[in-house]
Amino acid sequence: MSPERLQHLLTLVGPVIAKKPCRSRKPIPAAKRLMVTLRYLATGDSQQSQSFTFRIGRATISNILRETLQAIWDALNKAYLAPPSNTEDWIHIAEKYEEECNFPHCLGAIDGKHIMIECPANAGSAYYNYKNFHSIVLLKICGANYCFSFVHIGAYGGSKGTSVLASSLYGSAFDTIPSTLNLPVPAKCGSKMFSYVLLGDDIFLLKPWLMKPYPGKHLDEAQRVYNYRLSRARRTVENAFGILTAKWRILRRAIKANVDLVDKIAKACVCLHNYLQLTDNARYIPAGFVDSEDSSGNIIPGNWRNAAEADKGLRNLHRISGNRYTYEAGSSRSDFKDYLNNEG
């Protein structure tokens with residue numbers, strides 16, 4: 001983070017986390033409180049380590065983290081994590097996806113991860129997932145610029161990706177009342193009318209507004225082409241998660257904190273990711289850090305993969321081996337497949 005961005009962030013959260021002076025001792029300055037929090041997120045060191053580094057009591061460190069993480073979320077989420085507010089914003093996202101990834105009418109790529117946590121007290125099996133560790137779910141929709149437009153944080157680790165999406169605000173809105181999101185109406189693409197959709201993988205159900213790959217190994221050429229184009233567009237959310245874990249190392253191992261603090265940590269990391277991506281992009285995501293393609297179309301892996309090679313803090317959600325879907329959803333996927341193999 002550049003000094004200019006750090007100073008700007010301090011002006012946003014400083015007034016909230018600053019403490020009034022008292023007679024017995026001087027309060028910890030807002031700049032130091034912010035530094036403690038950013039170091040905690042960026043290094044992934046324990047709260048006890050922060051206590052030794054800054055020579056501040058362990059209980060004080062805990063209070064500083066809770067207050068500052070909440071202040072970061074309150075200061076940044078409305079400005080840097082706001083979802084598209086009108087139809088023009090959605091269309092701009094779709095145009096960017098088609099320009100960068102050659103997939104038409106795409107409103108974003110969706111994916112979810114398990115954030116590994118220590119076993120909460122008296123939690124039973126609610127947070128215990130199929131990979132045999134405790135977690136909460138982080139579900140996100142990402143644009144072509146690696147910024148998150150929607151996030152859903154805090155679902156039980158034992159939940160499936162489909163149920164987490166259905167219970168989220170944007171999942172239910174896409175499914176039942178899309179007018180509340182000001183989504184664009186279906187438009188002509190080639191010779192047919194296509195709806196605007198999200199792109200997901202096998203952890204989600206196929207829906208008219210959510211496209212996923214064709215399952216199985218014995219696919220015909222048209223289905224393989226469709227799967228390749230969808231996977232190529234979905235790399236944006238995979239790279240976004242990779243950037244997140246490479247930059248904010250607190251997410252790379254099991255977080256030793258209460259569930260409510262883990263929730264605040266995830267919210268702050270997401271806000272800081274979008275904030276730095278939009279205001280300090282060249283420093284936050286340097287050249288070669290994300291996946292790219294050469295002149296022949298071969299994928300060049302981004303440097304974030306080396307940084308997050310031993311990552312154990314974020315894990316993929318459970319994949320669905322088989323599921324039923326409506327005729328409308330299957331027809332929509334078939335139309336995209338035909339378009340990508342012909343006009344597109």
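Aspartate 335 is a buried residue, with a relative accessibility of 18%; buried here means under 20% relative accessible area, exposed means over 50%, and partly exposed lies in between, using a 1.4 Å probe and protein chains only. The model is a predicted one, in which local features need pLDDT of at least 70 and side-chain atom pairs count only at pLDDT 80 or more, while totals for chains, interfaces and linings use all residues. Residues are numbered from 1 along each chain as its sequence is written, and side-chain values use heavy atoms, with hydrogens and water left out.

Aspartate 335 makes a good starting point for the salt bridges. Side chains of opposite charge can pair when their charged atoms come close. A salt bridge is taken as a side-chain nitrogen of Lys or Arg within 4 Å of a carboxyl oxygen of Asp or Glu, and by this rule the count comes to 11. In one of them, aspartate 335 pairs with lysine 192, and the closest N and O atoms are 3.0 Å apart. This pair joins distant parts of the chain, since lysine 192 belongs to strand β5 (residues 192–194) and aspartate 335 to helix α12 (residues 327–341), 143 residues apart. Helices and strands are DSSP runs numbered from the N terminus, helices being H or I with at least four residues and strands being E with at least two. Unlike its buried partner, lysine 192 is partly exposed, because its relative accessibility is 37%.

A second bridge lies within a single helix. Arginine 234 and glutamate 238 are both part of helix α8, four residues apart, which is about one turn of the helix. Their closest N and O atoms are 3.2 Å apart. Arginine 234 counts as buried because its relative accessibility is 5%, whereas glutamate 238, at 30%, counts as partly exposed. These two residues also belong to a network of salt bridges that links them with Asp111 and Asp201.

A third bridge connects arginine 39 and aspartate 45, with 3.6 Å between the closest N and O atoms. Here both partners are partly exposed: arginine 39 has a relative accessible area of 26%, and aspartate 45 has a relative accessibility of 27%.

Helix α8 also takes part in a helix–helix crossing. Two packed helices are described by the angle between their axes and the distance between the axes. For helix α5 (residues 87–101) and helix α8 (residues 221–247), the axes come within 10 Å and cross at roughly 115°. At that angle α5 is roughly perpendicular to α8. Axes are lines fitted to C-alpha atoms, for helices over the stretch in contact, with angles from 0 to 180 degrees between N-to-C directions; those under 35 degrees count as roughly parallel, over 145 as roughly antiparallel, 65 to 115 as roughly perpendicular and the rest as oblique. On the α5 side, Tyr97, Glu100 and Cys101 meet Arg232, Ala233 and Thr236 of α8, contact meaning heavy atoms within 4.5 Å. Sorted by class, this contact of α5 with α8 has three nonpolar, one polar and two charged residues. In this scheme Ala, Val, Leu, Ile, Met, Phe, Trp, Tyr, Cys and Pro are nonpolar, Asp, Glu, Lys and Arg are charged, and the others, Gly among them, are polar.

Backbone angles come next. Most residues other than glycine have a negative phi, and most peptide bonds are trans. Histidine 105, although not a glycine, has a positive phi of about 55°. Histidine 105 sits in the loop between α5 and β1 (106–116) and is buried, with a relative accessible area of 6%. Tyrosine 146 also has a positive phi, near 70°. The loop between β2 (135–142) and β3 (148–156) holds tyrosine 146, which is buried at a relative accessible area of 17%.

Histidine 105 appears again among the contacts of lysine 188, which touches His105 and Met193 once neighbours within four places in sequence are left aside. Lysine 188 is in strand β4 (residues 187–189) and counts as exposed at 59% relative accessibility. The C-alpha atoms of lysine 188 and leucine 206 are 22 Å apart, with their positions 18 residues apart along the chain. Serine 332, in helix α12, is buried at 12% relative accessibility. Its C-alpha atom is separated by 6.0 Å from that of proline 208, 124 residues apart along the chain. Not counting residues up to four places away in sequence, serine 332 touches Pro208 and Met211.
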